[in-house]
Amino acid sequence: MDEVVLTYINKFKKLRVDRSHGIAPHKPILLITIIQSYQTGQITDNRVYITPELVALFKSNWNALVTSNHDCRISYPFFYMKSEGFWKLVPRSGFSDLNKMGSLVKSFSNLNAAVAYAEIKRELYDLFTDHESSHILLHFLLEEYFPGSRVEFSKGATHANQILVDAINMIVNEPPIAYRRSIKQLIDKKEDEEIFLRGSLFKREIPRIYANRCCISGLKIDTTYTISMIDACHIVPFSESYDDTVSNGIALCPNLHRAFDRGLISINQDFVVRVSGNFIEEGSYSVRRFDGKRIELPSKMKHWPAIENLEWHKKFIFRN
């Protein structure tokens, strides 16, 4: 067996985990989830981002493998893995000293706000992207930490896909009243990861429904990279509405998204753009030229923005 593989088997065997109430399974589950993500191509370099796919797969592996009463929280291992020597947290702007987070990491939203991504040591990345080495490490983690439940492991990936499908179905098909009720329940229970999962999928689904085109300017950019130039915009802010359903979303390019959020533009009940008269603009790109233009709507009427949401924006946000 390769010497580097043996080195990391030893590191994985000696993971720094809480053992006061049995071995805490958080770090092994995260490592298993990451190895799977490399094997399926969900992760392609040595940067590990917190994505809906990673969260869903972590939750699914936890449900399949963990039999103890520990809390299922990806924020714990994502933060504390930094003590293992092969995992470096890269902060977002304004969060230079992550070591001061301490118990704040218990909140998934705090972690996601402070950490941009985790960087895996290059030699471990090479193992994770090598077919044979990754399977050896995956097999070791399952045998070492979950010998009694590893037979259930194969169900994890299937269940993860179902979690994503169910969340997308809520965003696309659930009535806003029911959706808001479920979000408020999640907030009461401090289920930050589920709220993140739905919010992230909202950001993906709205541009997809609008064919990745800005509904006002018509901008659409196709690239060979995973770069999106179209944003999902809440009509009524999530902080006000708790609503990630498609009827509360429109697809806008970033500058018009900002203009919409700041009340420089609005959309009336006939889906026609209205531009505020309370600003002066310079330069070749004009926002005012869109005044009176009807937005491009999704092909299915059930995906159109709700009139009551547009009216709310016009009443409370638009600077007429």
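Axes here are lines fitted to C-alpha atoms, for helices over the stretch in contact, and the angle between two axes runs from 0 to 180 degrees between N-to-C directions. With that in hand, let's work through some exercises on this predicted model.

**Exercise 1. Get an overview of the chain.**
Task: find how many helices and strands the chain has, and what share of its residues is buried.

Solution. Begin with the elements: the chain holds 13 helices and seven strands. Next, take the overall dimensions; along the principal axes, the C-alpha atoms fill a box of roughly 70 × 40 × 40 Å. Then turn to burial, where 49% of the 320 residues count as buried. Finally, look at the contacts with a separation of 6 or more: 69% of them come from residues 24 or more positions apart.

**Exercise 2. Describe the packing of α2 and α7.**
Task: work out whether α2 is roughly parallel or roughly antiparallel to α7, and which residues make the contact.

Solution. Locate the helices first: α2 covers residues 26–39 and α7 covers residues 131–145. They pack at an angle of about 155 degrees, and their axes are 10 Å apart. Angles over 145 degrees count as roughly antiparallel, so α2 is roughly antiparallel to α7. As for handedness, α2 passes α7 in a left-handed crossing. On the α2 side, the contact is made by P28, L31, I32, I35 and Q39. From α7 come S134, H135, L137, L138, L141, L142 and Y145. Sorted by class, these residues are nine nonpolar, three polar and no charged.

**Exercise 3. Place S37.**
Task: decide whether S37 is buried or exposed, and which residues it touches.

Solution. S37 sits in helix α2. Its relative accessible area is 4%, and the cut-off for buried is under 20%, so S37 is buried. Leaving out residues up to four places away in sequence, S37 touches Q42, I43, L54 and L57.

**Exercise 4. Trace an open sheet.**
Task: give the strand order of the three-stranded open sheet and say which strands stand at its edges.

Solution. The order is β1-β3-β2, with antiparallel pairing. β1 (47–48) and β2 (87–91) are the edge strands; each has a single partner strand, so one side of each lacks a neighbour in the sheet. Now zoom in on one pair: β1 and β3 (residues 115–120) run antiparallel and are joined by two bridges. Opposite V48 stands A118 in β3.

**Exercise 5. Compare a helix pair with the loop that links it.**
Task: describe how α9 and α10 pack, then find where K190 lies.

Solution. α9 and α10 pack at an angle of about 145 degrees, with axes 8 Å apart, and their crossing is left-handed. Y179, S182, I183, L186 and I187 of α9 meet E194, I195 and R198 of α10. This contact has five nonpolar, one polar and two charged residues. K190 belongs to the loop between α9 (176–188) and α10 (192–209). Its relative accessibility is 56%, so K190 counts as exposed.

**Exercise 6. Examine two positive phi values.**
Task: find what phi K190 has and what phi Y242 has.

Solution. Recall the general rule: most residues other than glycine have a negative phi. K190 is not a glycine, yet its phi is positive, about 60 degrees. Y242 is not a glycine either, and its phi is positive at about 55 degrees. Y242 is placed in the loop between α11 (238–241) and β5 (249–252). With a relative accessible area of 26%, Y242 is partly exposed.

Methods. Residues are numbered from 1 along each chain as its sequence is written. This is a predicted model: local features need pLDDT of at least 70, side-chain atom pairs count only at pLDDT 80 or more; totals for chains, interfaces and linings use all residues. Side-chain values use heavy atoms; hydrogens and water are left out. Helices (H or I, at least four residues) and strands (E, at least two) are DSSP runs, numbered from the N terminus. Angles under 35 degrees count as roughly parallel, over 145 as roughly antiparallel, 65 to 115 as roughly perpendicular and the rest as oblique. A crossing is left-handed if the near helix is turned anticlockwise from the far one by less than a right angle, and right-handed if clockwise. Contact means heavy atoms within 4.5 Å. Ala, Val, Leu, Ile, Met, Phe, Trp, Tyr, Cys and Pro count as nonpolar, Asp, Glu, Lys and Arg as charged, and the others, Gly among them, as polar. Two strands pair if DSSP finds at least two bridges between them. Buried means under 20% relative accessible area, exposed over 50%, partly exposed in between (1.4 Å probe, protein chains only).
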